[in-house]
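Work through the exercises below with the sequence and the coordinates side by side, and try each task before reading its solution.

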Amino acid sequence: MGTTVKPYNAGGKKEEVEQMFDNIAHSYDFLNHAFSFGIDILWRKKAIKILKKENPKLVLDVATGTADFALEAVRMDLNADQIIGVDISEGMLEVGRKKIADKGWQQKVVLKRGDSENLPFDSNSFDAYTVAFGVRNFENLEKGLSEMNRVLKPGALGIVLEFSKPKKFPIKQLFSFYFKFIMPVIGKLISKDKRAYEYLPESVQAFPSGNDFENIMIKTGYVDTKVIPLSGGIASIYLGRKPR
Ligand SMILES: C[S@@+](CC[C@H](N)C(=O)[O-])C[C@H]1O[C@@H](n2cnc3c(N)ncnc32)[C@H](O)[C@@H]1O
């Protein structure tokens with residue numbers, strides 16, 4: 001899959017990603033919504049509409065970060081008994097726990113430190129998983145996808161939301177300029193992490209999107225896969241099921 005893009009180029013990708021998200025956790029939600037003009041919320045809502053059709057009782061939100069996806073699902077009346085969010089960054093989880101407590105939703109959303117490539121759950125446990133803007137940060141993508149597949153019940157759905165690469169003029173050119181030249185400057189000022197918002201466009205550029213990503217899902221054991229491009233291909237939803 002080409003060269004590994006890491007935040008600081010000083011150690012292992014997993015440790016660096018954990019450190020980077022710990023560093024930017026305080027400003028993550030603000031910058032996320034500001035940089036996308038709130039469109040990321042619409043993308044999450046679209047993914048949650050797909051999730052709702054599955055009527056899942058137990059949902060795993062991998063790379064849950066500050067629990068934005070899980071909380072949006074509860075807000076949208078996802079009728080699940082529980083959503084369990086896992087993340088390697090304790091800093092991000094800390095922000096998420098505060099948001100959950102503010103809503104009084106501690107029974108509905110439970111956060112746990114955990115690595116997507118070695119999930120602390122039994123096989124065949126979950127009715128669905130979601131992972132929003134997480135897979136690009138995995139150290140070993142295939143391991144993560146296989147591991148998330150392992151914890152799904154047979155026939156259950158995995159939903160991946162991730163940045164992709166728009167191919168058409170003028171979205172491709174506009175997005176590329178904004179992503180490479182505007183975001184890193186503002187991101188550095190507000191998050192105080194020089195590399196975090198340089199790593200973002202670099203990691204998106206190096207990451208497989210569209211059918212390339214779908215093929216990796218197939219390779220790692222998913223069936224009934226589907227790619228749904230969003231906003232001209234700036235992001236995509238990828239779906240795949242564990243075989244029955
Ligand atoms: C861009 S944030 C996305 C957070 C959230 N899902 C959202 O939609 O806002 C990516 C998250 O992936 C987490 N992450 C990266 N690698 C991980 C891994 N191997 N296991 C669990 N979480 C991971 C990071 O710590 C970070 O919180």
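**Exercise 1.** Determine which residues of helix α4 are buried and which elements they pack against.

*Solution.* Begin with burial, where a residue is buried if 20 or more other C-beta atoms, placed from the backbone, lie within 10 Å of its own, exposed if 12 or fewer, and partly exposed in between. In α4, the buried residues are Gly 91, Met 92, Leu 93, Val 95, Gly 96 and Ile 100. Next, look for contacts, which require C-beta atoms, placed from the backbone, within 7 Å of each other; the buried residues of α4 pack against the helices α1 (13–35) and α3 (68–75) and the strands β2 (82–87) and β3 (109–113). Helices (H or I, at least four residues) and strands (E, at least two) are DSSP runs, numbered from the N terminus. This is a predicted model, in which local features need pLDDT of at least 70 and side-chain atom pairs count only at pLDDT 80 or more, while totals for chains, interfaces and linings use all residues. Residues are numbered from 1 along each chain as its sequence is written.

**Exercise 2.** Compare the span of α4 with the expected one, and inspect the residue that follows α4.

*Solution.* The 14 residues of α4 (90–103) reach 20 Å from the first C-alpha to the last. The expected span is 1.5 Å times one less than the number of residues, and the span of α4 is close to the 20 Å expected. After α4 comes Gly 104, with a positive phi near 75°.

**Exercise 3.** Establish the strand order of the sheet and identify the strands at its edges.

*Solution.* Counting two strands as paired if DSSP finds at least two bridges between them, one obtains an open sheet of seven strands with mixed pairing, in the order β3-β2-β1-β4-β5-β7-β6. β3 and β6 (223–230) stand at the edges with a single partner strand each, so one side of each has no neighbour in the sheet. For individual pairs, β1 (58–62) and β2 are parallel over five bridges, with Asp 61 bridged to Gly 85 in β2. β4 (126–132) and β5 also run parallel, joined by six bridges, and Ala 128 has Leu 157 in β5 as its bridge partner.

**Exercise 4.** Is β5 largely enclosed or exposed?

*Solution.* Nine of the twelve residues of β5 are buried, so β5 is largely enclosed by the rest of the structure.

**Exercise 5.** Find which residues come nearest to the ligand.

*Solution.* Taking residues whose C-beta atom, placed from the backbone, lies within 6 Å of the molecule, 22 residues surround the ligand, and Ala 63, Gly 65, Ser 89, Ser 116 and Ala 132 come nearest. α1 gives the most to this shell, with four residues.

Terms used: Two residues are in contact if their C-beta atoms, placed from the backbone, lie within 7 Å.
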